[in-house]
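Welcome, and thanks for taking a look at this one with me. Below are a few points to guide your reading.

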Amino acid sequence: MFLAVLTPKESGEVSRDAMLVHQLLQRDVDAFEQLYDRHSRIVYALVLRIVQQASTAEEVVQDVFLQLWRNAGQYDVRRGPFAPWLMALARNRALDHLRLKSERQRRREDQSEELPPIISVPRFEQALDEKRRAEQVRALIGSLNPQQKRAIELAYFEGLSHSEIAAALKEPLGTVKSWIRNGLLRLKEGLQAAT
Amino acid sequence: MSKCDQFRELIEAYALGALDAGERAAFEAHLANGCQDCAKAVEEARWVVSQLGYLAPDTQPSELLKGRLMQTVRNEARGVQRFQKPSGDIPFWMWAGVAALLVLTVYSAWDVRRLQKQIQTINERAAAEFRQREQLQLELAVAKRAAHILTDSNSKKFVMWPHDTQMPKLEAMWHPELGICVMGQKVPMPSTNRTLQLWLIPKAPGSKPMPSLTFWPDAEGKLVLMVENPPEVIADTKALAITEEPAGGSAQPTSAPMWVGGVS
């Protein structure tokens with residue numbers, strides 16, 4: 001059943017991250033470097049996709065990893081696996097950066113989360129290397145119709161709401177809601193079928 | 001369609017952060033009411049949303065970023081405070097200020113000590129002058145009293161004759177109220193640890209001499225002795241006598257009188 005959740009220990013990669021984060025609490029520099037090497041590529045790619053400027057992206061990535069170093073205790077292994085947590089943290093920081101320069105900032109301040117919420121891993125989830133996971137996700141999202149894919153990207157990478165996406169794409173609000181929900185369900189089913 | 005089913009349609013958009021404010025508030029209120037199924041579904045939807053990060057074009061940060069991060073992390077791991085410059089970078093003007101403050105502090109301490117010594121010296125001098133003034137006032141009072149005794153018509157004057165004819169005679173004046181004044185010149189100084197002592201010899205037969213003051217002449221042999229409250233009244237006194245006694249005086253004479261003067 002899809003709702004079932006795995007503990008992080010059920011994945012070797014997840015437990016490896018959890019162990020390294022635990023070592024950060026002892027101010028282990030080597031553990032930090034390993035975490036950086038394992039995740040900086042996808043974190044930087046995600047942030048750059050959002051902020052669209054390399055120097056700004058590096059600032060945000062630096063902030064994300066320094067927050068991890070200085071407040072490693074903020075990550076709780078019980079709240080989910082490390083990689084999605086770190087990506088959610090990086091996305092929030094990058095979107096916050098965008099909002100600082102945007103008229104939308106005031107309207108969305110209460111959506112900004114300093115720390116990512118709980119993320120549960122579905123039972124089908126297995127540790128995949130980043131390259132394979134990226135191929136899966138791109139293939140699944142790429143199979144959607146272009147407008148549906150665009151709606152999901154506007155929500156994820158630009159932090160737009162249903163209404164803002166509808167306005168941007170000049171599509172009915174209900175259509176946009178359906179696109180996004182169905183697109184994410186299809187991604188979930190696709191990832192499940194691929195395992 | 002149950003209320004929970006209605007909210008289930010919002011789960012993915014909520015996890016994505018795409019709900020408009022009204023829907024978001026309503027859904028969060030539903031979660032706050034304790035719907036465990038929706039809460040769990042949201043947690044899983046967040047994982048699906050996190051996978052969208054892989055849509056970002058693959059690229060990697062510069063080595064400079066890693067270098068900066070690792071330098072910061074190593075410094076902090078060594079306990080170096082963030083943003084704190086090493087002490088060697090303290091600007092010269094600050095050192096000059098510290099030095100000036102140090103010099104000022106030392107000077108102030110020295111100046112305070114100097115002033116304290118001055119105040120102590122002044123206090124000691126004032127105390128000495130006060131004591132000297134008291135002594136002068138006392139001497140003045142004695143002199144006034146002596147002058148009064150010497151000039152008052154009520155005073156009785158008599159001579160105290162020396163036992164040794166080589167010694168000078170003394171003059172005595174006794175005023176019934178002001179006391180006795182004994183004066184003389186070239187009075188020899190008593191021996192070491194000895195003093196002169198005045199005695200009043202009562203008229204009553206068998207009475208013992210009444211002890212009075214002990215005294216010394218000054219360095220030049222001048223003697224002015226004032227007895228303000230004689231132990232006997234003039235009418236009951238037969239004579240005055242002076243003997244040499246041990247220092248501190250005696251209750252009864254221990255030597256022969258050196259001077260004797262009949263009062264009445």
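1. A good place to start is one pair of residues in chain B: B:Leu198 sits opposite B:Ile242, which belongs to strand 7 of chain B. Please keep in mind throughout that this is a predicted model.

2. That pair leads to its two strands. Strand 4 (residues 194–202) and strand 7 (residues 237–246) of chain B run antiparallel to each other, paired over nine bridges.

3. Now step back to the whole sheet in chain B. It is open, has eight strands with antiparallel pairing, and follows the order 5-4-7-8-1-2-3-6. Strand 5 (210–215) and strand 6 (223–227) of chain B each have a single partner strand because they stand at the edges, so one side of each lacks a neighbour in the sheet. From one strand to the next, the twist averages 20 degrees.

4. Next, the contact between the chains: 52 residues of chain A and 39 residues of chain B take part. On the side of chain B, helix 2 (11–16), helix 4 (36–50) and helix 5 (63–77) are the elements that give two or more residues. Helix 4 of chain B has the largest share, with ten residues. By type, the chain B side divides into 20 nonpolar, eleven charged and eight polar residues.

5. Finally, a word on confidence in chain A. Its pLDDT averages 82, and 77% of the residues score at least 70. Among its elements, helix 8 (residues 162–169) has the highest mean pLDDT, 95, and strand 1 (residues 5–6) the lowest, 37.

6. Two stretches of chain A call for care: pLDDT stays under 50 over residues 1–10 and also over residues 123–127. Where pLDDT is low, the predicted coordinates should not be read in detail.

Key. Residues numbered from 1 in each chain as written. Chains lettered and ligands numbered in written order. Predicted model: local features only at pLDDT ≥ 70, side-chain atom pairs only at ≥ 80, totals over all residues. Pairing = 2+ DSSP bridges. Helix = DSSP H or I, 4+ residues; strand = E, 2+ residues; numbered from the N terminus. Axes fitted to C-alpha atoms, helices over the stretch in contact; angles between N-to-C directions. Contact = placed C-beta atoms within 7 Å. Nonpolar A, V, L, I, M, F, W, Y, C, P; charged D, E, K, R; others polar. pLDDT = per-residue confidence, 0-100.
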